[in-house]
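Colleague: I am new to this structure and would love a close look at a single part of it. Could you pick one strand or helix and walk me through its surroundings?

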Amino acid sequence: MELTGSSAIVTGGASGIGAAAARALAAKGATVVVADLQADKGEALAEEIKGVFAQVDVTNTEQIAAAVKAASDIAPLRAVVNSAGIGWAQRTIGRDGQLESAHSLEAFTKVVQINLIGTFDMVRQAATAMSQNEPDEDGCRGSIVNLASVAAFDGQIGQASYSASKGGVVGMTLPVARDLSAAGIRLNTVAPGLIDTPIYGEGPDSDAFKENLGKNVLFPKRLGTPAELASMVVECLTNAYMNGEVVRVDGGIRMP
Ligand code: NAD
């Protein structure tokens, strides 16, 4: 699928995997709307890649609508990456009070609202806009990639909300791909393993934590890079024969 002359939206595009995906899509010729809560990082990246920043909280349906309109006003919206996401106190679980907080309804609802419902809301609104595009030679009008996680298949202590949210992203992949195929839209999911991004926090403590995490990976024994994930995201977006798939990119960690 050709992206030159198209717009793209990357939620969570200000950081980590989303930022790498935004750079990769810009390099493929798309004008990228970086949709994120973080204005400073998002605006800087948008300037770097000659895109546009949109202040979006994915739990706010009007802000999603505004981002879809902003992208469609630039050029036909043909690519969307849903990378906005949060974990829940992964590094501190087990310490006093943390399990209680991780199992609070507030925590569970917040994580599911951002990671699962926010993703679904962008999918449905973007698909409506994409369905108006002229089809390419395959009849394709647009392509969407959602970010799940290996935690959808094998969760860690204190990560019930995260695993449930990402399990939902995996679970919706095939039915939503089936629904959207009728409109000429492909949808795939990328499930990362342990990737070196600010999701684990920043600073010396986080660096030590991440170095330790890398030892759990089958091979290579390190965390993945955002660029390694972005490359699979772009493949799923642009490969005309990828549809309804969940692809793990995880160095073989937690093989089923
Ligand atoms: P990150 O923290 O670097 O980036 C996530 C971005 O999402 C941030 O810029 C943040 O501001 C944004 N965001 C958070 N809540 C938002 C909201 N309500 N509305 C809009 N934006 C919001 O994290 P990352 O590691 O790049 O994660 C990207 C995606 O990949 C997430 O969905 C994450 O769950 C998933 N993932 C990451 C890893 C990993 O090891 N890094 C592993 C598996 C899955």
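Modeller: Happy to! Please keep in mind that this is a predicted model. Let us start with helix H8 (residues 226-238), whose buried residues are Pro226, Leu229, Ala230, Met232, Val233, Val234, Cys236 and Leu237. At 1.5 Å a residue, the 13 residues of H8 should span 18 Å, and its end C-alpha atoms are indeed 18 Å apart, so the two values agree.

What do the buried residues of H8 pack against? Their partners are helix H1 (16-27) and four strands: S4 (77-82), S5 (142-147), S6 (185-192) and S7 (246-249).

Among these partners, S6 deserves a stop. Eight of its eight residues are buried, so S6 is largely enclosed by the rest of the structure. In a regular strand, side chains alternate between the two faces of the sheet. Here, Ile185, Leu187, Thr189 and Ala191 are buried on one side of S6, while Arg186, Asn188, Val190 and Pro192 are buried on the other.

S6 also has strand partners. With S5 it pairs in the parallel sense over six bridges, and Gly142 stands opposite Ile185 in S6. Between these two strands the chain passes through helix H6 (residues 160-181), making a right-handed β-α-β crossover. S6 pairs with S7 in the parallel sense too, over four bridges, and there Pro192 stands opposite Val249.

Finally, back to Val233 of H8: in the largest nonpolar core, of 69 residues, Val233 is among those with the most contacts, along with Ile9, Leu25 and Ala126. The largest share of this core, nine residues, comes from helix H5 (residues 105-130).

Note on methods
Residues numbered from 1 in each chain as written. Predicted model: local features only at pLDDT ≥ 70, side-chain atom pairs only at ≥ 80, totals over all residues. Core = buried A, V, L, I, M, F, W, Y, C linked by C-beta atoms within 7 Å. Buried ≥ 20, exposed ≤ 12 C-beta atoms within 10 Å, placed from the backbone. Expected span 1.5 Å × (residues − 1). Contact = placed C-beta atoms within 7 Å. Pairing = 2+ DSSP bridges. Right-handed = clockwise from strand over helix to strand, strands pointing away.
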